[in-house]
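Work through the exercises below with the sequence and the coordinates at hand. Each task is followed by a solution in steps.

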Amino acid sequence: VLLVESGGGLVQAGGSLRLSCSASGTIYSIPAMGWYRQGPGKERELVAGITSAERKNYADSVKGRFTISRDNGKNTVYLQMNSLKPEDTAVYYCNADVRSSRWNYVMEYWGKGTLVTVSS
């Protein structure tokens, strides 16, 4: 299974970006997908997650500004980021729990990351 992120870039504070992550390969189901980030000198942290049933959770620092969504038919998860702040600067990683067949265990996969830089 391969996760490929897109949509990162440079934006001014207060601006918006939309990240996308598409999963490809042998996929039966994806129970959960999410976004993590790792800022300079910081540990990787959960930004937002979404289940196949559309249950969502967010880090407190992004609530009200970021929105996670998914297209199950396309095995794709999105992260709409509004009102961006310099402290949102980080490499954003896509994460997915994938079942390759109805008899297999769920395995966790990561994308390579996409850089988001927010200038002040």
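**Exercise 1.** State how much surface the protein chain exposes and what share of it carbon and sulfur atoms supply.

*Solution.* The model is a predicted one. The protein chain exposes about 6600 Å². Carbon and sulfur atoms supply 48% of that area. On the residue level, 38% of the 120 residues count as buried, where buried stands for under 20% relative accessible area.

**Exercise 2.** Compare the radius of gyration of the protein chain with that of a compact globule of 120 residues.

*Solution.* Step one is the reference: for 120 residues, a compact globule would have a radius of gyration near 14 Å. Step two is the model, whose protein chain has 14 Å, so the value agrees with the reference. Step three adds the box along the principal axes: the C-alpha atoms fill roughly 50 × 25 × 25 Å. Step four turns to contacts. Among those with a separation of 6 or more, 55% come from residues 24 or more positions apart.

**Exercise 3.** List the secondary structure of the protein chain, then describe the open sheet that contains E1 and give its strand order.

*Solution.* Begin with the count: the protein chain has 11 strands and zero helices. Read from the N terminus, the elements are therefore β-β-β-β-β-β-β-β-β-β-β. Next, take the sheet. Four strands make it up in the order E1-E3-E8-E7, with antiparallel pairing. Strand E1 (2–6) and strand E7 (66–71) each have a single partner strand, so each stands at an edge with one side lacking a neighbour in the sheet. On average, neighbouring strands of this sheet are turned by 15 degrees against each other, direction ignored.

Now look at one pair in detail. E7 and strand E8 (residues 76–81) are joined in the antiparallel sense over six bridges. In one of the bridges to E8, Thr-67 has Gln-80 as its partner.

**Exercise 4.** Find how many disulfides the whole structure holds, and work out the handedness of the one formed by Cys-21 and Cys-94.

*Solution.* A search of the whole structure gives one disulfide. The sulfur atoms of Cys-21 and Cys-94 are 2.1 Å apart, and the cut-off for a disulfide is within 2.5 Å. The torsion about the S-S bond of this pair is about -80 degrees, so the disulfide is left-handed. Then place the pair in the chain: Cys-21 belongs to strand E3 (residues 17–24) and Cys-94 to strand E9 (residues 90–99). The two cysteines are 73 residues apart, and the bond links distant parts of the chain. Last, check exposure: both Cys-21 and Cys-94 are buried.

Note on methods. Residues are numbered from 1 along each chain as its sequence is written. This is a predicted model: local features need pLDDT of at least 70, side-chain atom pairs count only at pLDDT 80 or more; totals for chains, interfaces and linings use all residues. Side-chain values use heavy atoms; hydrogens and water are left out. Two strands pair if DSSP finds at least two bridges between them. Axes are lines fitted to C-alpha atoms, for helices over the stretch in contact, and angles run from 0 to 180 degrees between N-to-C directions. The radius of gyration is taken over C-alpha atoms; the globule rule is 2.2 Å times the number of residues to the power 0.38. Buried means under 20% relative accessible area, exposed over 50%, partly exposed in between (1.4 Å probe, protein chains only). Contact means heavy atoms within 4.5 Å. Accessible areas come from the Shrake-Rupley method with a 1.4 Å probe; for residues, only the protein chains shown count as cover.
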